[in-house]
Amino acid sequence: MDKIQKYKPADKMSDLICDNYSLLQVMSRFGLSLGFGDKTVKEVCQMNGVDYRTFLTVVNFVEEGYSRMNDDSDDISIPALVDYLRQSHIYFLDFSLPSIRRKLLDSIDYSEKEVVVLMLNFFDSYVSEVRKHMEYEEKTVFKYVDDLLHNQAPKNYQISTFSKHHDQISEKLTELKNIIIKYCPSNANNNLLNAALFDIFACEEALDSHCKVEDLLFVPAILKLERRVRHD
């Protein structure tokens with residue numbers, strides 16, 4: 001672990017969360033719950049069977065804006081990182097995106113049906129695209145990684161295939177934001193609509209961060225594993 005990184009194993013987990021509350025999402029996706037008292041990051045992770053080096057690598061990666069991540073894949077437990085990515089998929093597909101849709105439905109006025117239909121159809125199409133992307137990762141990419149972890153290297157796939165076709169799935173949310181901001185019915189419930197729009201901005205940032213974790217932490221770690229298995 002790079003000594004210049006902000007958060008370290010001996011730091012109190014509570015200090016980390018109070019310093020940057022957005023790291024609550026990272027913590028929850030590693031299966032860590034609140035109520036850890038004054039225990040350190042390392043202690044909380046070890047109590048919950050989580051590799052603390054992987055946790056800190058992801059935390060510092062998210063915190064530092066992806067600027068000083070050079071050889072950190074050496075500190076990563078690939079099974080722990082895959083579990084983190086899987087939990088991220090569950091969060092987006094089962095919680096975040098459905099919650100945004102409910103808020104949109106509750107806020108809009110149905111008197112302007114064309115705008116409502118456009119907004120919901122665009123949102124549903126976007127969610128379908130995200131689901132397709134994440135299901136591909138679950139069924140193909142993670143299956144391939146599991147084979148590598150068992151010292152098998154299938155000849156019909158390599159991680160560079162995933163890397164080359166890894167679209168930034170957060171980008172289409174920009175168009176949805178513009179539709180809401182510019183064309184949403186004037187009779188919409190402003191409080192609910194603003195809450196939905198705030199969640200869309202937050203979801204966009206979270207998806208962008210998720211993609212960067214995959215591109216800049218996950219893929220380099222798998223490339224190293226892939227080379228080692230194929231060489232052996």
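## Salt bridges and burial in an all-helix model

Modeller: Glad to walk you through this one. With a side-chain nitrogen of Lys or Arg within 4 Å of a carboxyl oxygen of Asp or Glu as the rule, the count comes to eight salt bridges. Please keep in mind that this is a predicted model.

Biologist: What makes the glutamate 138 and arginine 86 pair a salt bridge?

Modeller: The two side chains come to 3.0 Å, N to O, and the cut-off is within 4 Å, so the pair qualifies. The pair links distant parts of the chain, with glutamate 138 in helix α6 and arginine 86 in helix α5, 52 residues apart.

Biologist: Are glutamate 138 and arginine 86 buried or exposed?

Modeller: Neither label fits. Buried needs under 20% and exposed needs over 50%. Glutamate 138 has a relative accessible area of 27% and arginine 86 has 31%, so each is called partly exposed.

Biologist: How do you know how far apart aspartate 147 and lysine 143 are in terms of helical turns?

Modeller: They are four residues apart in helix α6, so about one helical turn separates them. In general, an α-helix has 3.6 residues a turn, so residues three or four places apart point the same way. The side chains of aspartate 147 and lysine 143 meet in a salt bridge at 3.1 Å, N to O.

Biologist: Which burial class does each of aspartate 147 and lysine 143 get?

Modeller: Aspartate 147 has a relative accessible area of 12%, which is under 20%, so aspartate 147 is buried. Lysine 143, at 45%, falls between the 20% and 50% limits and is therefore partly exposed.

Biologist: What does the aspartate 208 and lysine 212 pair look like?

Modeller: Their side chains meet in a salt bridge of 2.7 Å, N to O. Both residues lie in helix α9, four residues apart, about one turn of the helix. Aspartate 208 is at 23% and lysine 212 at 24%; both values are over the 20% limit and under 50%, so both residues are partly exposed. Elsewhere, Lys6, Asp19 and Glu63 are linked in a network of salt bridges.

Biologist: Why is asparagine 60 called buried?

Modeller: Its relative accessible area is 0%, and buried means under 20%, so the label follows. Asparagine 60 lies in helix α4, residues 52–63. Leaving aside neighbours within four places in sequence, asparagine 60 is in contact with Gln5, Lys6 and Tyr7.

Biologist: What makes the approach of asparagine 60 to tyrosine 7 a polar contact?

Modeller: A polar atom of the asparagine 60 side chain lies 2.9 Å from the backbone nitrogen of tyrosine 7. The limit for such a pair of N or O atoms is 3.5 Å, so the distance fits.

Biologist: Why is α4 described as mostly covered?

Modeller: Nine of its 12 residues are buried, among them Tyr52, Phe55, Leu56 and Phe61. The buried residues of α4 pack against α1, α2, α3, α5 and α9.

Biologist: And tyrosine 21, why is it called exposed?

Modeller: At 68%, its relative accessible area is over 50%, so tyrosine 21 counts as exposed. Tyrosine 21 sits in the loop between α1 and α2. Together with Leu24 and Leu34, Tyr21 makes a nonpolar surface patch of about 370 Å².

Biologist: How many helices and strands are there in the protein?

Modeller: Nine helices and zero strands. Buried residues make up 44% of the 232 residues.

Methods. Residues are numbered from 1 along each chain as its sequence is written. This is a predicted model: local features need pLDDT of at least 70, side-chain atom pairs count only at pLDDT 80 or more; totals for chains, interfaces and linings use all residues. Side-chain values use heavy atoms; hydrogens and water are left out. Patches are made of residues with over 30% relative accessible area and no salt bridge: like charges are joined within 9 Å, nonpolar side chains (Val, Leu, Ile, Met, Phe, Trp, Tyr) within 5 Å. Accessible areas come from the Shrake-Rupley method with a 1.4 Å probe; for residues, only the protein chains shown count as cover. Helices (H or I, at least four residues) and strands (E, at least two) are DSSP runs, numbered from the N terminus. Buried means under 20% relative accessible area, exposed over 50%, partly exposed in between (1.4 Å probe, protein chains only). A polar contact is a pair of N or O atoms within 3.5 Å; within protein, one must be able to donate a hydrogen and the other to accept it, and residues adjacent in sequence count only if both atoms are side-chain atoms. Contact means heavy atoms within 4.5 Å.
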